[in-house]
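Work through the exercises below with the sequence and the structure at hand. Each task is followed by a solution in steps.

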Amino acid sequence: MRKKLVVGNWKMNGNRARNDVLLSALLEEARSEAVEVAVCPPFPYLDQVGRVLSEAGIALGAQNVSSFEAGAYTGEVSPAMLVDLGCAWVIVGHSERRTLFGETDETVLAKVRAALEFGLKPILCVGETLAQREAGNAELVVGGQVDSVVSGLGADVAAQLTLAYEPIWAIGTGRVASPDQAQAMHRFIRARLESAQVASSEVRILYGGSVTADNASELFAQPDIDGALVGGASLAAAGFSGICRAAAVVAA
Ligand code: PEP
């Protein structure tokens, strides 16, 4: 039985004062035994956020990681540094990194490898653009993104992944995928893992893209949707806690 996982991606938002307010509200509301919860603040706030979360049973994650271990890589943050700061999770291959910062399937694979090597749990993001979906190529694109990492890692290691299906047209747009659309792609991803010999029954596949407290229950009720990667709604405690509660209700 896969435990539901809800991950907040704060993206490039927050400051120390606002984080404190958000965190104290989250500590009141977002905890639940039935659901795993993680928060991914920007790098400079990992320490601040991690100190608060460590007492609350909420895990800490980062939004990106270097594929390099250490040395002359100006501006990079290594997996060992993230572990040192208390991170358990790291988001890899978010569509904003792929489209705005030129991350390729190769870069993504290298980052996933580095994360795993240092004991971080990577959340591998995959998803298609609207044009790709409308051209009937959504499965081709998503399948290719999954395959490139799975074939690079090998089936046994790939079974340690968590995936996030994030249709690009749904990210930050308010246009959430319907439960049927999301379930169909999650089923496709799981089947793709299985056909690559990955033991997929314990691999969690999160949905991301305009998840809110209002639409989360229907998504979480789908058999292959194991939680959510939440952007905008993770910046307000009530919204994020509502999503965590929706996951807990489905899990009960
Ligand atoms: C995201 O950026 O991963 C995301 C899902 O954003 P939003 O929830 O705002 O659509």
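**Exercise 1.** How far is an oxygen atom of the ligand from an N or O atom in the side chain of His-94?

Solution. The model is a predicted one. In it, the distance from a ligand oxygen to an N or O atom of the His-94 side chain is 2.8 Å. A polar contact requires a pair of N or O atoms within 3.5 Å, so the His-94 pair qualifies.

**Exercise 2.** Find further polar contacts of the ligand, then state how much of its area the protein buries.

Solution. Start with Lys-11: an N or O atom of its side chain lies 2.5 Å from an oxygen atom of the ligand. Next take Gly-232, where a polar backbone atom is 2.8 Å from a ligand oxygen. Finally, the ligand taken alone exposes 290 Å², and the protein buries 95% of that.

**Exercise 3.** Describe the surroundings of the ligand.

Solution. Count the shell: 14 residues surround the ligand, and the closest are Lys-11, His-94, Glu-166, Gly-172 and Ser-210. Sort the shell by class: 4 residues are nonpolar, 8 are polar and 2 are charged. Then place the ligand: the space it takes is the second largest pocket.

**Exercise 4.** Classify the aromatic pair formed by Phe-68 and Tyr-73, and decide whether each residue is buried, partly exposed or exposed.

Solution. The count of aromatic pairs is 2. One of them joins Phe-68 and Tyr-73, with 3.9 Å centre to centre and 5° between the planes. Planes under 30 degrees apart count as stacked, so this pair is stacked. For exposure, partly exposed covers the range between 20% and 50%. Phe-68 has 37% relative accessibility and therefore counts as partly exposed. Tyr-73, at 35%, is likewise partly exposed.

Note on methods:
Residues numbered from 1 in each chain as written. Predicted model: local features only at pLDDT ≥ 70, side-chain atom pairs only at ≥ 80, totals over all residues. Heavy atoms only, no water. Phe/Tyr/Trp six-rings, centres within 6.5 Å; stacked < 30°, edge-to-face > 60°. Buried < 20%, exposed > 50% of the residue type's maximum accessible area, 1.4 Å probe, protein only. Near = heavy atom within 4 Å. Polar contact = N/O pair within 3.5 Å; in protein donor to acceptor, adjacent residues only side chain to side chain. Areas by Shrake-Rupley, 256 points an atom, 1.4 Å probe, with all protein chains shown as cover. 1 Å grid on protein atoms, 1.4 Å probe; cavity = no way out; pocket = protein on both sides within 12 Å on 5 of 7 lines; lining within 4 Å. Sits in = over half its atoms within 2 Å of the grid points. Nonpolar A, V, L, I, M, F, W, Y, C, P; charged D, E, K, R; others polar.
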